[in-house]
Amino acid sequence: MSDVLTIEQRHRNMAAIHSASTKPELQLRSSLWHRGFRYRVNDKRLPGRPDIVLPKYRTVIFVHGCFWHGHKGCPISHIPETNTDFWLGKISRNQERDQEVWRKLEAKGWSVVIVWECQLKKANLDDTVARVSAEIVRNGEAYRAAQEERRKAREEYRQERKARKEREQSLLDEVKSL
Ligand SMILES: [Zn+2]
């Protein structure tokens, strides 16, 4: 791909492509909806404002533009041959930000699923939806298992405290009866 566009022009193009790429995102959303998944979109309360948030499964989905987020080995993410440093710098900053966002979300117990725009092309959509659905379900199961673990740990702690209080009380009673 020869780069005949100026940085300015490419910026405008990419911005347009970026907002137009809500179309594949919409397709993903409606496919997930039809499969029974319920979600919020663009949740500002979460780091990185994820595109799709599935609270029940403690999972967020980002739909990433292949060029902007540097999809490895993907033809769409081809770096222009002019102003190469500029684009590389920009993309690598985006990737750093992405990683920072994932870290924050994972620290809060969220599972992060990345879907690349090329994976939402018509020919790939069904496979992608199947993969993402399976991942969401797995995350949901892991989340519920972790919750159950925590519930058990709390219950054990409560039992332990109760037993200790009872032991203390019976010691006190013993002392009093002396
Ligand atoms: Zn791609």
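Biologist: Are His71 and Cys118 buried or exposed?
Modeller: This is a predicted model, in which local features need pLDDT of at least 70, side-chain atom pairs count only at pLDDT 80 or more, and totals for chains, interfaces and linings use all residues. Residues are numbered from 1 along each chain as its sequence is written, and side-chain values use heavy atoms, with hydrogens and water left out. Buried stands for under 20% relative accessible area, exposed for over 50%, and partly exposed for anything in between (1.4 Å probe, protein chains only). On that scale, both His71 and Cys118 are buried.

Biologist: Which residues are the protein donors of the zinc ion?
Modeller: Donors are N, O and S atoms within 2.8 Å of the metal (3.2 Å for Na, K and Ca); water is not among the atoms, so sites may look incomplete. At 2.1 to 2.4 Å from the zinc ion lie the SG atoms of three cysteines and the ND1 atom of a histidine. The donor residues are Cys66, His71, Cys74 and Cys118.

Biologist: What angles are found among the four donor atoms of the zinc ion?
Modeller: Four donors count as tetrahedral if all angles lie between 85 and 135 degrees; four count as square planar and six as octahedral if opposite donors are over 155 degrees apart and all others between 65 and 115; anything else is irregular. The ideal value for four tetrahedral donors is 109.5 degrees. The zinc site is tetrahedral, with angles of 100 to 113 degrees.

Biologist: How many residues apart in sequence are His71 and Cys118?
Modeller: The donor residues are spaced C-x4-H-x2-C-x43-C in sequence. His71 belongs to the loop between β3 and α3, and Cys118 to the loop between β4 and α4 (122–177), so the pair ties together parts of the chain whose separation is 47 residues.

Biologist: In what order do the elements of the chain run?
Modeller: Helices (H or I, at least four residues) and strands (E, at least two) are DSSP runs, numbered from the N terminus. The chain has four helices and four strands. From the N terminus on, the order is α-α-β-β-β-α-β-α.

Biologist: Which strand is joined to β3 by six bridges?
Modeller: Strands count as paired if DSSP finds at least two bridges between them. β2 pairs with β3 in the antiparallel sense over three bridges, and there Val53 stands opposite Val60. The parallel partner, with six bridges to β3, covers residues 111–116. That strand, in which Ser111 is the bridge partner of Thr59, is β4.

Biologist: Which residues of β3 point the other way from Thr59, Ile61 and Val63?
Modeller: Six of the six residues of β3 are buried, and they are divided between two directions. Opposite Thr59, Ile61 and Val63 are Val60, Phe62 and His64.

Biologist: What is the phi of Arg58?
Modeller: Most residues other than glycine have a negative phi. Arg58 sits in the loop between β2 (52–54) and β3 (59–64), and these two strands form a hairpin with four residues between them. Arg58 is partly exposed, at 22% relative accessibility. Its phi is positive, at about 45 degrees.

Biologist: What is the relative accessible area of Asn83?
Modeller: Asn83 is in the loop between β3 and α3 (84–107). Its phi is also positive, near 55 degrees, and Asn83 is not a glycine. Asn83 counts as partly exposed, at 35%.
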